[in-house]
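Me: I would like to go through this structure with you, one question at a time. Please reason briefly and finish each reply on the item I ask for.

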Amino acid sequence: MHSDAFALLCRLYVGRRLLAFALMVLISLMTSVPRDARAQQTWNNNNSSKNWSNNFSPSTWNVSDWCANPDGLLVFDTAGSGDVTNNMTDWLNFNGLVFNSGAAAFTNSGNSIGLTNNGSIPKIENNSTATQTISLNNISLKNVSEFNAINGDLVFNTANVYLDNDLRFWGDNGKTNWMNTVIANGGTLAIQQNNTVVFQKTNTYTGQTYIHAGQLIISNDARAGTGNINLGATNLAGASATNALYLGTSGSSGGVTNTNAIFINSGGGASTLGGNNTAGINTFSGPVTLNQGVTLSSASGGTLLFSGDISGSG
């Protein structure tokens, strides 16, 4: 072979090897980004479609991220408001959605997600005074998760919240979690601080319900899960506070029947069982066990009935 031709072939061979090596380095750098570097993204409101993923341009998150990172925490701050759509693959896992103190009202709808622990507890949290609405198709709790109405209400319009793990409600400012969703599967549900959880559907979860603080309201035509409902005792932080279970929303008419077994536990704050309906009969038909005293409360015009066994020393 002519020497010049041989030298050209050698250069081509070396060039291809260098190109392959460069591609390998690039792929390695792209796949080895430290987890903290992609753990949180902030919505920047740069695209008119208002989708979680925007097909490369323009960016939707941070300065240059065109899609939401799976396992990441999605943050909504002062940019934008209104309807935002999860158009990414159904059932991707995320660490949660957080609305910062300056956020306007958002409604997040679209495909189902899982909530997963990426080193921190997954959560949906509202630090804004504006009401935030979650209308994703479904939510599955892959790890112990939190719904935290801190400074503003949270409205859940998802078809289902699947308790594949336990759900905890934090928030000490008297805000409300409106659960217009079926809560299903086997995890437990616990209200840990002074906030209100309103059940608006017939729930089917089989784990127990704990009201350490705040209040649970079971609306007309709604139901708790099938497990026991426990009032009182201290929360996970060791704090005790007043706690309550009410049937019916304030001012509503018609009665609600609760069939769950109820335990009034010692060691926490004062407990209340009551009815908010101004007409109709609110019935506790399951057994009630008193390990400490309980206050009974009924709105004017409504009737409170206990038809199950009542036992204990309270």
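Me: In what order do the 3 strands of the open sheet with S23, S26 and S29 lie?
Reply: This is a predicted model. In it, 3 strands make an open sheet with parallel pairing. Their order is S23-S26-S29.

Me: Which strands stand at the edges of that sheet?
Reply: Each edge strand has a single partner strand, so one of its sides is left without a neighbour in the sheet. That applies to residues 257-258 and to residues 303-306. The edge strands are S23 and S29.

Me: How many bridges pair S26 with S29?
Reply: Strand S26 covers residues 281-284. Ile-281 has Thr-303 of S29 as its bridge partner, and Asn-282 stands opposite Leu-304. The pairing is parallel, and the number of bridges is 4.

Me: Which residue of S26 does Thr-257 stand opposite?
Reply: S23 and S26 run parallel and are joined by 2 bridges. Opposite Thr-257, in S26, stands Thr-283.

Me: Asn-276 is in the loop between S25 and S26. Is Asn-276 buried or exposed?
Reply: The loop follows strand S25, residues 271-275, and leads to S26. The relative accessibility of Asn-276 is 17%. Buried means under 20%. Asn-276 therefore counts as buried.

Me: Which residue's backbone oxygen lies 2.9 Å from a polar atom of the Asn-276 side chain?
Reply: Leaving aside neighbours within four places in sequence, Asn-276 has contacts including Tyr-246, Leu-247, Gly-248 and Thr-249. Asn-282 and Ala-299 are also among them. The backbone oxygen at 2.9 Å belongs to Gly-248.

Me: Which residues of strand S2 point the opposite way from Leu-73 and Val-75?
Reply: S2 spans residues 73-76. Leu-73 and Val-75 point one way, and the other two point the other way. All of them are buried. The other two are Leu-74 and Phe-76.

Me: Which residue is the bridge partner of Gln-40 in S2?
Reply: Strand S1, residues 40-42, runs parallel to S2, and 3 bridges join them. The partner of Gln-40 is Leu-73.

Me: Which residue of S5 does Val-75 stand opposite?
Reply: S2 pairs with strand S5, residues 96-99, in the parallel sense. There are 4 bridges between them. Opposite Val-75 stands Val-98.

Me: What is the relative accessible area of Leu-115?
Reply: Leu-115 lies in strand S7, residues 113-115. Beyond four places in sequence, its contacts include Phe-94, Pro-122, Ile-124, Ile-139, Leu-141 and Phe-147. Leu-115 is buried, because its relative accessible area is 0%.

Me: How far apart in space are Leu-115 and Asn-95, C-alpha to C-alpha?
Reply: Asn-95 is also one of the contacts of Leu-115. In sequence the two are 20 residues apart. In space, the C-alpha to C-alpha separation is 5.5 Å.

Me: Which residues meet in the 1 salt bridge of the structure?
Reply: Side chains of opposite charge can pair when their charged atoms come close. Here the N to O distance is 3.7 Å. The cut-off is 4 Å. The pair is Lys-123 and Glu-125.

Me: Which residue of that pair, Lys-123 or Glu-125, is buried?
Reply: Lys-123 counts as partly exposed because its relative accessibility is 23%. The relative accessible area of the partner is 11%, so that residue is buried. The buried residue is Glu-125.

Me: What distance separates the C-alpha atoms of Thr-206 and Ala-224?
Reply: Thr-206 sits in the loop between strand S18 (196-199) and strand S19 (209-211). Not counting residues up to four places away, Thr-206 touches Asn-185, Gly-186, Thr-226 and Gly-227. Ala-224 is 18 residues from Thr-206 along the chain. Their C-alpha atoms are separated by 9.4 Å.

Me: How many strands does the protein chain have?
Reply: The chain has 314 residues, and 45% of them count as buried. Its secondary structure includes 1 helix. The strand count is 30.

Me: Over residues 24-38 the pLDDT is below 50. How many contacts does this stretch have beyond near neighbours in sequence?
Reply: The chain averages a pLDDT of 89, and 87% of the residues score at least 70. Residues 6-14 stay under 50, with 2 contacts beyond four places in sequence. Where pLDDT is low, the predicted coordinates should not be read in detail. For residues 24-38, the number of contacts in the model is 6.

How values were computed:
Residues are numbered from 1 along each chain as its sequence is written. This is a predicted model: local features need pLDDT of at least 70, side-chain atom pairs count only at pLDDT 80 or more; totals for chains, interfaces and linings use all residues. Side-chain values use heavy atoms; hydrogens and water are left out. Two strands pair if DSSP finds at least two bridges between them. Buried means under 20% relative accessible area, exposed over 50%, partly exposed in between (1.4 Å probe, protein chains only). A polar contact is a pair of N or O atoms within 3.5 Å; within protein, one must be able to donate a hydrogen and the other to accept it, and residues adjacent in sequence count only if both atoms are side-chain atoms. Contact means heavy atoms within 4.5 Å. pLDDT is the predictor's confidence in each residue, from 0 to 100. A salt bridge is a side-chain nitrogen of Lys or Arg within 4 Å of a carboxyl oxygen of Asp or Glu.
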